[in-house]
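Please open the structure in a viewer and keep a selection panel at hand. The stops below are meant to be taken in order.

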Amino acid sequence: MIAREGWPLIMVAFLIGLMVCLLILIIPGIAQWMKLIMIPMVVPGFPLSVMYFFRDPEREIPLEAESIIIAPADGKIVEIVQEQESNFVDGKVWRISIFLSVLDVHVNRVPVSGTVRHLDYKSGTFKVAWHPDASAINEQSIIGIEHPSGKRVLFKQIAGTLARRIVNRLSKGDIVDAGKRFGLIRFGSRMDVIFSMDIHPQVEIGDRVRAGETILGVIPLDEHT
């Protein structure tokens, strides 16, 4: 499956491939045998590389999805820190940061079941997404979900050096299930997941995670209503 946001860029890549092939045909000095080798590589090569970036594989959502926080993005855990958060979770929190390279799947999935209570957008710089400062100063879309237990989880789509487009299809009041697709960030990025201190992180720095599958934290059973 291909993310719907990718199809316009795939068509552009296909047209670019055709234009490059025409240039190969008309440029003098290139041997005929070389042209016959280059053209079959160029025409599909451009759109296939874009299709690879926008791939959207199915995932097996954990059976206990109603009581867990799962990774919203594919990538590598680059930070697990304690900090203060005052906009939504309100208090001392854990922040887990996931770095997405250009080779990772970039379709984002909802990390926790509940109701969307908070949406914000912050313009900013485009520092490399693995840098610690990226969480604070880069362009980002910020989403807060309230779990049925009352626990609040905040997560951020953060643009990186190459990214210039964040897609978030969620709206305030939406009732969502963990693992549901909700958007993407183009060409290298970062996802932060923020939750209260009584939910212990289930991953470590350096771990590779998969959106919709890897468990980041378990909501305490005594918090359920």
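The tour of this predicted model visits its sheets, its nonpolar cores and one buried acidic residue.

**The eight-stranded sheet**

Begin by displaying the strands as a cartoon. Eight of them make up an open sheet, ordered β9-β5-β6-β7-β11-β3-β2-β12, with antiparallel pairing. Select residues 175-176 (β9) and 208-209 (β12): these strands occupy the edges, and each has a single partner strand, so one side of each is left without a neighbour in the sheet.

Next, select residues 140-146 and 152-159, which are strands β6 and β7. These two strands run antiparallel and are joined by seven bridges. Within this pairing, Glu 146 has Arg 152 of β7 as its bridge partner.

**The nonpolar cores**

Now show side chains. Which residues of the largest nonpolar core touch the most other members? They are Ile 69, Ile 145, Phe 155, Leu 170, Met 191 and Phe 195, out of 30 residues in that core. Two or more residues come from each of β2 (75-85), β3 (91-100), β6, β7, β10 (181-185) and β11 (189-196). The greatest contribution is that of β3, with four residues. As a general background, nonpolar side chains in soluble globular proteins tend to be buried together.

Centre the view on Met 191 and display its surroundings. Beyond its neighbours within four places in sequence, Met 191 is in contact with residues including Pro 72, Ala 73, Ile 96, Ile 98, Leu 100, Phe 155, Phe 182 and Ile 185. The contacts of Met 191 also include Ser 97, Asn 108, Lys 156 and Gln 157.

Apart from the largest core lies another one, of six residues; select Phe 88, Val 89, Leu 154 and Ile 194, which are among them.

**The three-stranded sheet**

Move to the open sheet of three strands, whose order is β4-β10-β8 and whose pairing is antiparallel. Residues 107-109 (β4) and 166-168 (β8) form the edges; each strand has a single partner, so one side of each lacks a neighbour in the sheet. From one strand to the next, the twist averages 25°. Three bridges pair β8 with β10 in the antiparallel sense, and Val 167 stands opposite Leu 184 in β10.

**A buried aspartate**

Finally, select Asp 192, in strand β11. Is this residue buried or exposed? Asp 192 has a relative accessible area of 0% and is therefore buried. Its side chain makes polar contacts with the side chain of Ser 97, at 2.6 Å, and with the side chain of Arg 190, at 3.2 Å.

Technical notes:
Residues are numbered from 1 along each chain as its sequence is written. This is a predicted model: local features need pLDDT of at least 70, side-chain atom pairs count only at pLDDT 80 or more; totals for chains, interfaces and linings use all residues. Side-chain values use heavy atoms; hydrogens and water are left out. Two strands pair if DSSP finds at least two bridges between them. A nonpolar core is a set of buried Ala, Val, Leu, Ile, Met, Phe, Trp, Tyr and Cys residues joined through side-chain atoms within 4.5 Å. Buried means under 20% relative accessible area, exposed over 50%, partly exposed in between (1.4 Å probe, protein chains only). Contact means heavy atoms within 4.5 Å. Axes are lines fitted to C-alpha atoms, for helices over the stretch in contact, and angles run from 0 to 180 degrees between N-to-C directions. A polar contact is a pair of N or O atoms within 3.5 Å; within protein, one must be able to donate a hydrogen and the other to accept it, and residues adjacent in sequence count only if both atoms are side-chain atoms.
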